[in-house]
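Open the model in your viewer and get ready to select residues one by one. Each stop below tells you what to pick and what you will find there.

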Amino acid sequence: LRPAVKDYAWGIRGLDSRVARFALESGIIDEVDPDMPYAELWIGTHEKGPAQLISGTTLEELLGCQLPFLFKVLSCGKTLSIQAHPDKQLAEKLHIENPQAYGDANHKPEMAIALTPFEAMCGFRRIEEISQLLKKHPEFSACISNEAKLAVFMSDDPESQSEALRTLFHSFMNCDRDVSTEQLKKLLKRLYAEQSLNPHDHSSPPWERKCARAVLRLAQQFPNDAGAMAPFFLNYLLIAPGEAFFMAPNEPHAYVAGEIIECMAC
């Protein structure tokens, strides 16, 4: 079986990438380019990367049907953009309304299993954590409307919390770019200063310290991108090889670094 290889810019380069090594062992490529990013290996019947037999027969032709899932190996060298796949009903609606942006009518829930230590953001933090971070980091708070902050502070049941998270996310994503960029600069200056003055400070809970480190790491990868503040409202995961997590429809997520196998409905 000969999978399809994708060379997205965020992939791991050269032989450091499992995707590259698996592709070489499968005979898909003759050699590995040390400067090329090898991001994804697809095994399935998806039209944008169908797997084939050595004879040239596609997997779909062999099976006589399309598979309802796509199996992948991913090698992430850089953080991917935050995304949320629609559920089945919304996917069908969006595909009809805008087929160019939504190429198919399928939902895409995903399951990922780590091959290496893996970092990702997945799902919104608990509303209590976001509330605490809004109070602790004025720079993050400045990127959120008063209406959205009030919704977070006042929510007290699942329905109001869900609405508060939607309002918060919309407010952050629509914050004026000049404002968010300036606030990010202030945030990074303060976090670096705190880290330099007291690198072994354990006065804050571990999850808060991990959150701050994640912001600094993302800011190094993407200078002047306010998206580096995403760990303030998304769960930041550090998982060991063999551990897994699930990304449900409509749930915001982004892979940060490491290698995984992934199964996605399609």
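**Stop one: Arg 125**

Select Arg 125 and Glu 129: their side chains make a polar contact at 3.1 Å. Keep in mind that this is a predicted model. Arg 125 sits in the loop between β7 (118-124) and α4. Is Arg 125 buried or exposed? Its relative accessible area is 5%, so Arg 125 counts as buried, because buried means under 20%. Now show its contacts beyond four places in sequence. Among them are Ile 130, Leu 133, Trp 207, Cys 211 and Phe 233.

**Stop two: helix α4**

Move on to Leu 134. Leu 134 belongs to helix α4, residues 127-136. Leu 134 is buried, with a relative accessible area of 4%. Which residues does Leu 134 touch, leaving out those up to four places away in sequence? They are Phe 140, Ser 141, Ile 144, Lys 149, Val 152, Phe 153 and Leu 168. For a sense of distance, pick Gly 14 as well. The C-alpha atoms of Leu 134 and Gly 14 are 41 Å apart, with their positions 120 residues apart along the chain.

Next, select Lys 135 and Phe 153. The charged end of Lys 135 sits over the ring of Phe 153, 5.5 Å from the ring's centre.

**Stop three: strand β9**

Select residues 244-247, which form strand β9. Look at how the side chains alternate. Phe 245 and Met 247 point to one face and are buried. Ala 244 and Phe 246 point to the other face and are not buried. Now add strand β6, residues 110-114. The strands β6 and β9 pair in the antiparallel sense, over four bridges. One bridge joins Ile 113 to Ala 244 in β9.

**Stop four: the rings**

How many aromatic pairs does a search of the whole structure find? It finds ten. Select Phe 118 and Phe 245. Their ring centres are 6.4 Å apart and their planes are at 25°, so this pair is stacked. Phe 118 is in strand β7 and Phe 245 in strand β9, so the pair ties together parts 127 residues apart in sequence. Both Phe 118 and Phe 245 are buried.

Keep Phe 245 and add Tyr 255. These rings have centres 6.3 Å apart and planes at 85°, so the pair is edge-to-face. Tyr 255 lies in strand β10, residues 253-265. Tyr 255 is buried too, at 5% relative accessibility.

Finally, select Phe 124, Phe 140, Phe 169, Phe 172, Phe 232 and Phe 233. Ring pairs link these residues into a cluster.

Technical notes
Residues numbered from 1 in each chain as written. Predicted model: local features only at pLDDT ≥ 70, side-chain atom pairs only at ≥ 80, totals over all residues. Heavy atoms only, no water. Helix = DSSP H or I, 4+ residues; strand = E, 2+ residues; numbered from the N terminus. Buried < 20%, exposed > 50% of the residue type's maximum accessible area, 1.4 Å probe, protein only. Contact = heavy atoms within 4.5 Å. Pairing = 2+ DSSP bridges. Polar contact = N/O pair within 3.5 Å; in protein donor to acceptor, adjacent residues only side chain to side chain. Phe/Tyr/Trp six-rings, centres within 6.5 Å; stacked < 30°, edge-to-face > 60°. Lys NZ or Arg CZ within 6 Å of the ring centre and 35° of its normal.
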